[in-house]
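Hi everyone, thanks for coming. I'd like to walk you through one fold today, starting with a helix and working outwards. Here it is on the screen.

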Amino acid sequence: MVTDATTPALPGTAPAMGAPGMQALPGMAEFTAATPTPQWAPPVDWATVPLTATRKGSWLAPASAPKDQQAEISVTVFQGNLGGLLANVNRWRGQVGLDGDLTDANLAQNIQNITLDGRAAQLVTLDGPAGKSLDGVLVILPDRVWSLVLRGNTDVVKSQRAAFRAFLDSIKWQG
């Protein structure tokens with residue numbers, strides 16, 4: 001397992017938890033390593049990239065495109081609740097340049113409840129004003145949170161949304 005940041009951040013994207021360039025907090029790498037990796041079927045046009053200390057999966061898509069025309073896909077797992085759904089959606093909103101935080105009162109209008117291999121999850125689709133987009137999914141369990149994110153240039157993210165949804169549908173949890 002690679003425990004340092006070895007993959008450059010995509011141009012115009014802010015680092016996310018577990019993303020290249022971020023330091024793992026004490027115990028995060030060990031928790032990630034001890035957590036079983038789900039089975040999944042990433043699309044054939046996604047290029048696997050080295051994992052960071054908190055990533056269970058990491059890809060760039062489409063594989064054949066220049067780096068500045070690729071979206072980043074990440075799967076991370078964190079111990080605890082990672083601040084909860086509202087905090088994560090607001091963090092993601094900031095990453096794509098959306099102003100203003102959501103509140104508990106308007107959060108439900110901005111997420112879609114989905115199921116991944118029998119587990120409840122929440123999906124948010126964010127298109128920012130400066131050409132950045134992010135589709136994020138949280139699976140919040142009592143002892144951990146799975147974060148699955150597609151991020152990058154809006155045109156690229158939009159072109160990868162169907163593939164990302166198919167990837168989500170392929171997930172089979174191991175523990």
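Let's begin at Arg161, where helix α4 has a kink of about 45° centred. The bend at a residue is the angle between axes fitted to the seven residues ending there and the seven starting there. As for naming, helices (H or I, at least four residues) and strands (E, at least two) are DSSP runs, numbered from the N terminus.

A word on what you are looking at: this is a predicted model, where local features need pLDDT of at least 70 and side-chain atom pairs count only at pLDDT 80 or more, while totals for chains, interfaces and linings use all residues. Residues are numbered from 1 along each chain as its sequence is written, and side-chain values use heavy atoms, with hydrogens and water left out.

Back to α4. The helix covers residues 154–170, and at 1.5 Å a residue its 17 residues should span 24 Å, which agrees with end C-alpha atoms 24 Å apart. That expected span is 1.5 Å times one less than the number of residues. At the start of α4, a side-chain oxygen of Asn153 comes to within 2.8 Å of the backbone nitrogen of Asp155.

Which residues of α4 are buried? Among them are Val156, Val157, Gln160, Ala163, Phe164, Phe167 and Leu168, and Arg161 at the kink is buried too. Buried here means under 20% relative accessible area, with exposed over 50% and partly exposed in between (1.4 Å probe, protein chains only). The cover over these residues includes β2 (55–61), β3 (71–79), β4 (112–116), β5 (119–127), β6 (132–140) and β7 (144–153); contact means heavy atoms within 4.5 Å. α4 lies across those strands, running at about 145° to β7. For such angles, axes are lines fitted to C-alpha atoms, for helices over the stretch in contact, and angles run from 0 to 180 degrees between N-to-C directions.

Now the sheet. It is open, has seven strands in the order β1-β2-β3-β7-β6-β5-β4, and pairs in the antiparallel sense. At its edges sit β1 (47–48) and β4, each pairing on one side only. Two strands pair if DSSP finds at least two bridges between them. Helix α2 (residues 84–95) also packs on the sheet, touching β5, β6 and β7, with its direction at about 165° to that of β6.

Let me take the pairs in turn. β2 and β3 share six bridges, and Trp59 stands opposite Ile73 in β3. Five bridges join β4 to β5, with Gln112 partnered by Leu123. Those two strands form a hairpin with two residues between them, and Asp117 in the turn has a positive phi of about 50°. β5 and β6 are joined by six bridges, including the one from Leu126 to Leu134. Their hairpin has four residues between the strands, and Gly131 takes a positive phi near 80°.

One more residue: is Arg144, in strand β7, buried or exposed? It counts as buried, because its relative accessibility is 15%. Its side chain makes a polar contact of 2.8 Å with that of Asp143. A polar contact is a pair of N or O atoms within 3.5 Å; within protein, one must be able to donate a hydrogen and the other to accept it, and residues adjacent in sequence count only if both atoms are side-chain atoms. Beyond four places in sequence, Arg144 touches residues including Phe31, Pro36, Val77 and Val139.

To zoom out, the protein has four helices and seven strands, and 50% of its 175 residues count as buried. Happy to take questions!
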